[in-house]
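Visitor: Please pick one part of this model and walk me through it closely. I'd like the cut-offs spelled out as you go.

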Amino acid sequence: MRLAQKIRLSGKYGRMYYIVAGIINVACAVYILFWPMSTPMVLLVKLLSIPVMAYLLLTIATREKAYFFLNLGFSRSEYRFIPIAVDALAFVLLVILSISLSHVIIPA
């Protein structure tokens, strides 16, 4: 199974994680867009939200889903790590975009 297929399947497993993490990412990006000096605080908030979201992801997930995905070729570490990695990558891209746009919207 290729990585792209695993990421697509993780969307079915971690749908609630992706939705809540996406809302947090967009809120952080908008905050950085209008207040670029708050970037360190937003990074800290995101770093603190990742373990909480990962805990919820692992406790809410049902065992049946876990066995289904493990039978498809996911290892347990991939099963847990792929949604977190995709969320972190999306957050980094949104922060870079927000910082770039904040210099256009709010000139120094």
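A close look at helix α5

Guide: Let's start with Ser100, which sits in helix α5 (helices being DSSP runs of H or I with at least four residues, strands runs of E with at least two, both numbered from the N terminus). Before going further: this is a predicted model, where local features need pLDDT of at least 70 and side-chain atom pairs count only at pLDDT 80 or more, while totals for chains, interfaces and linings use all residues. Residues are numbered from 1 along each chain as its sequence is written, and side-chain values use heavy atoms, with hydrogens and water left out.

Helix α5 covers residues 76-105, and Ser102 is in there too. How buried or exposed are these two serines? Ser102 has a relative accessibility of 0%, so it counts as buried, whereas Ser100 comes out at 41% and is partly exposed (buried is under 20% relative accessible area, exposed over 50%, partly exposed in between, with a 1.4 Å probe and protein chains only).

Both side chains reach a backbone oxygen. For Ser100, a polar side-chain atom lies 2.9 Å from the backbone oxygen of Ile96. For Ser102, the partner is the backbone oxygen of Ile99, at 2.8 Å. These are polar contacts (pairs of N or O atoms within 3.5 Å; within protein, one must be able to donate a hydrogen and the other to accept it, and residues adjacent in sequence count only if both atoms are side-chain atoms).

Ser100 also has a neighbor from far along the chain: Leu33 is 67 residues away in sequence, but the C-alpha atoms are 8.4 Å apart. Another pair of this kind is Leu47 and Ala88, 41 residues apart along the chain with 9.3 Å between their C-alpha atoms. Leu47 belongs to helix α3 and is exposed, at 57% relative accessibility.

Now for the charged link. Lys46 and Asp87 form a salt bridge, with 3.0 Å between the closest N and O atoms (the rule is a side-chain nitrogen of Lys or Arg within 4 Å of a carboxyl oxygen of Asp or Glu). Lys46 is in helix α3 and Asp87 in helix α5, so the pair ties together parts that are 41 residues apart in sequence. Lys46 and Asp87 are both buried, and the total by this rule is one salt bridge.

The end of α5 helps build a surface feature as well. Leu97, Leu101, Val104 and Ile105 are among the residues of a nonpolar patch with about 1,000 Å² of accessible area together (patch members have over 30% relative accessible area and no salt bridge, with nonpolar side chains, meaning Val, Leu, Ile, Met, Phe, Trp and Tyr, joined within 5 Å and like charges within 9 Å). The elements giving two or more residues to this patch are α2 (15-34), α3 (39-60) and α5. Tyr31, one of the members, lies in helix α2 and is partly exposed, with a relative accessible area of 35%.

To put α5 in context, the protein chain has five helices and zero strands, running α-α-α-α-α from the N terminus on. Of its 108 residues, 31% count as buried.

Key: Accessible areas come from the Shrake-Rupley method with a 1.4 Å probe; for residues, only the protein chains shown count as cover.
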